[in-house]
Amino acid sequence: MATQHSRSAARLMMTPAVILLLGWMLVPLVMTLYFSFLDYRPLRGAFDCCVGFDNYVRFFTSSSFWPSVLTTLQMVGGVLAITVIGGIFLAMLLDQPIWGQGVVRILVIAPFFVMPTVSALVWKNMFMNPVNGLFAYLWKFFGLTPIDWLSELPLFSIIFIVSWQWLPFATLILLTAIQSLDGEQLEAAEMDGAGVVNRFVYIVLPHLARAITVVILIQTIFLLSIFAEVFVTTGGSFGTRTLTYLIYQRVIESQNIGLGSAGGIFAVILANIIAIFLMKIVGRNLDR
Amino acid sequence: MARAVSTRKRAIYTVIAWTIGLLIFFPILWIFLTSFKTEADAIADPPLFFFFDWTTENYGIVQERSNYLRFLYNSIIISVGSTILGLLIAVPAAWSMAFVPGKRTKDILLWMLSTKMLPAVGVLYPIVLIARSLNIYDTYVLLIGVLTLINLPIIVWMLYTYFKEIPVDILEAARMDGASLRNEILYVLTPMALPGIASTMLLNIILAWNEAFWTLTLTTVDAAPLTAFIASYSSPEGLFYAKLSAASTMAIAPILVMGWFSQKQLVRGLTFGAVK
C-alpha cells in the first residue's frame with residue numbers, strides 16, 4: 001500500500017501538525033531561556049542583557065525556593081497516595097457484582113468533569129468555611145469546634161480537594177485494567193487455597209502494575225502544574241505556594257521576568273525527567 | 001468475572017459501593033440543591049436537604065449580575081473552536097501515521113506527546129508577550145490557538161489509536177472490488193473512523209472547557225470563558241452561596257452530561273492508549 005507517492009503524500013499530511021507543535025515548543029522555550037539570562041523587570045524599566053546565571057542563583061537561593069519545592073512534593077505525593085490507594089480499592093469494589101453498577105460508576109466519575117475553579121470555590125466556601133461550611137455543621141453536630149480548614153490545615157485541604165478531582169481518573173483507569181484480568185486465574189488460585197490477601201498481592205497487584213505506573217506518571221505531570229486550586233483557595237499563602245505558583249508570582253505579580261524564567265526552566269527540566277519515564281512506557285506499548 | 005455470587009454478598013457490596021459513590025458525588029448534588037435555595041436557606045443551621053422553598057431566582061440574579069450567557073458563549077466558542085481546529089490539523093496527521101507509517105513515525109508520536117509535558121508556567125511570559133505584541137491578548141484567536149496547541153498531541157494520539165484499529169485488509173479488499181479512492185474513503189474508511197473521531201472530539205471539548213491555567217491568565221473581559229466567570233466569585237460580597245451554586249451548576253452541567261457519555265473513551269484518551 002505504501003508506494004513512494006503515498007509516502008510523500010503522508011509526510012505532507014503530517015507537516016502542519018509537526019510544524020505547529022515544533023513552533024509551540026521551541027519559540028516560547030527559547031524566549032524563556034533567553035529571559036532567564038537577563039535582568040528583565042518591565043515595571044522598573046530594567047532590561048539588562050546577560051547577567052549570567054544570576055537569576056538561577058537567586059532563584060535557587062531565595063528563601064521561598066525550598067519551601068515551594070517541599071510544598072510541591074507534599075502536594076503531589078499526598079494526592080498520588082490518596083488517589084492510587086483509593087483508586088485500587090474503588091476499582092476492585094466496582095468490579096464486584098453489584099446492583100446498579102453503571103449508576104455508581106457515573107457517580108464516582110463525576111468529579112473529574114467539574115471545572116477546577118468550581119470545585120476549589122465550592123469546597124472552600126460551602127464545605128470548609130469555618131462558620132457556614134457543611135463541615136462546620138458536622139463538627140458542631142458532634143460537639144467539636146469547627147476547623148478553619150484553609151488557614152489551619154491549608155495544605156491538607158488543598159490535597160483533599162485535588163484528590164477528590166483526581167480519584168475518578170485513577171479509579172476509571174484501574175477499573176479498566178482490572179476488568180481485563182482473567183477471572184479463571186483467580187478462581188484457580190482460590191481453589192489452590194490462596195487467600196484474599198495472597199490473591200491480591202500475587203495476582204491482582206502485578207496485573208495492575210502497568211496501569212498504576214501510568215496513573216502515577218500522568219497525574220504527576222498534571223499535578224506538578226496545579227494552579228487553579230491554589231489560585232482560588234489560598235492564593236499561595238499559608239505555606240501552599242507550589243513551584244508553579246511561585247513562578248507565576250515572580251512573572252505576573254512581581255513582574256521579575258528574568259527570575260521567573262529561570263524558575264520556569266527549572267520546572268521544564270523537572271517535568272522532562274518525569275516525562276522520559278512516561279514515554280518509555282507508552283513507547284513500549286507502541287511496539288505491540 | 002462470571003462467578004456465582006450469593007445474594008447476600010452481592011447486597012453487601014451494593015450497599016458499600018452505593019454509599020461511597022454517593023459520598024463522592026455529594027458535593028455536586030449539594031451544589032445543585034443549594035442553587036435552588038434562598039441565600040438564607042443556603043446557610044440554614046441545620047442544613048436543609050430537600051424540604052425548603054425551591055426557587056430559581058438565583059439563576060436570574062447570576063445572569064443579570066455577571067452576564068453568564070456571555071461567558072457561556074465564550075466557553076462554547078473556545079472549546080468547540082479549538083477542538084475543530086485541532087481535528088482539522090490532526091486527522092490528516094494521524095491518518096498518515098496509522099496507514100503509511102515511516103521509520104520515524106513512532107519517534108514523532110512520542111515527541112508530540114512530550115510537548116504536552118511542557119509546564120505551562122515555564123512559557124507563560126513569552127506567550128503573554130507574543131499575544132500583546134500581536135495585539136491578540138484576550139481574544140478568541142489567542143485562546144483558540146493556545147488551546148488547540150496544548151490539546152493537539154492528545155487529539156493526534158487518540159485518533160492514531162483509533163485509526164490503527166481499522167484493518168488495512170478491508171481497504172485492500174474494497175480496492176480489489178474496484179472501489180475508487182473517493183468511494184473507498186467515503187464508504188469504507190469514514191464509517192469506520194467516525195466513532196473514533198466523535199469520541200476524540202467529545203473528550204477534547206471537555207478538556208478545553210475545563211482548562212484553567214491559560215484561560216485565567218490570557219483573558220480579562222472579552223474572551224473570558226466560564227472558568228474566569230467562576231473565579232470572579234472568589235472574592236464574595238455578602239451572602240452568596242446560592243448564587244455561587246447557581247453559577248457553578250450552569251458552568252459544570254453541560255460538561256458533566258458530555259463526560260458521562262464519553263467515560264469509556266476517557267481512559268484511552270488520557271492514557272494515550274497505554275491502558276485500553
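In what order do the elements of chain B run from the N terminus on? The elements of chain B follow the order α-α-α-α-α-α-α-α-α-α-α-α-α, with 13 helices and zero strands (DSSP runs numbered from the N terminus: helices are H or I of at least four residues, strands are E of at least two). This is a predicted model, in which local features need pLDDT of at least 70 and side-chain atom pairs count only at pLDDT 80 or more, while totals for chains, interfaces and linings use all residues. Residues are numbered from 1 along each chain as its sequence is written, and chains are lettered from A and ligands numbered from 1 in the order in which they are written.

**Overall form of chain B**
- The radius of gyration of chain B, taken over C-alpha atoms, is 23 Å, whereas a compact globule of 276 residues would have a value near 19 Å (the rule is 2.2 Å times the number of residues to the power 0.38).
- The C-alpha trace of chain B spans about 75 × 70 × 35 Å along its principal axes.
- Of the 276 residues of chain B, 45% count as buried (20 or more other C-beta atoms within 10 Å of the residue's own, with C-beta atoms placed from the backbone).
- Among contacts in chain B (C-beta atoms, placed from the backbone, within 7 Å) between residues at least 6 apart in sequence, 79% join residues at least 24 apart.

**Interface between the chains**
- In chain B, 86 residues are in contact with 86 residues of chain A.
- Helix α1 (residues 7-34) of chain B gives the most to the side of chain B that touches chain A, with 16 residues.
- That side of chain B has 65 nonpolar residues (Ala, Val, Leu, Ile, Met, Phe, Trp, Tyr, Cys and Pro), five charged residues (Asp, Glu, Lys and Arg) and 16 polar residues (the others, Gly among them).

**Two helices of chain B**
- Helix α5 (residues 105-116) of chain B has 12 residues and reaches 17 Å from its first C-alpha to its last, close to the 16 Å expected (1.5 Å times one less than its number of residues).
- The buried residues of α5(B) are B:L109, B:M112 and B:K116.
- These residues lie on the same side of α5(B) because they cover an arc of only 60° around the axis (from the directions from the helix axis to the C-beta atoms).
- Helix α8 (residues 168-176) of chain B is hardly covered, since the count of buried residues among its nine residues is zero.
- B:G178, which follows α8(B), has a positive phi near 95°.

**Surroundings of A:L150**
- A:L150 lies in helix α7 (residues 149-152) of chain A.
- A:L150 is buried, with 24 other C-beta atoms within 10 Å.
- Not counting residues up to four places away in sequence, A:L150 touches A:K124, A:M128, A:S157, A:T233 and A:T234.
- A:L150 and A:T234 are 84 residues apart in sequence and 7.0 Å apart in space, C-alpha to C-alpha.

Methods: Contact = placed C-beta atoms within 7 Å. Buried ≥ 20, exposed ≤ 12 C-beta atoms within 10 Å, placed from the backbone.
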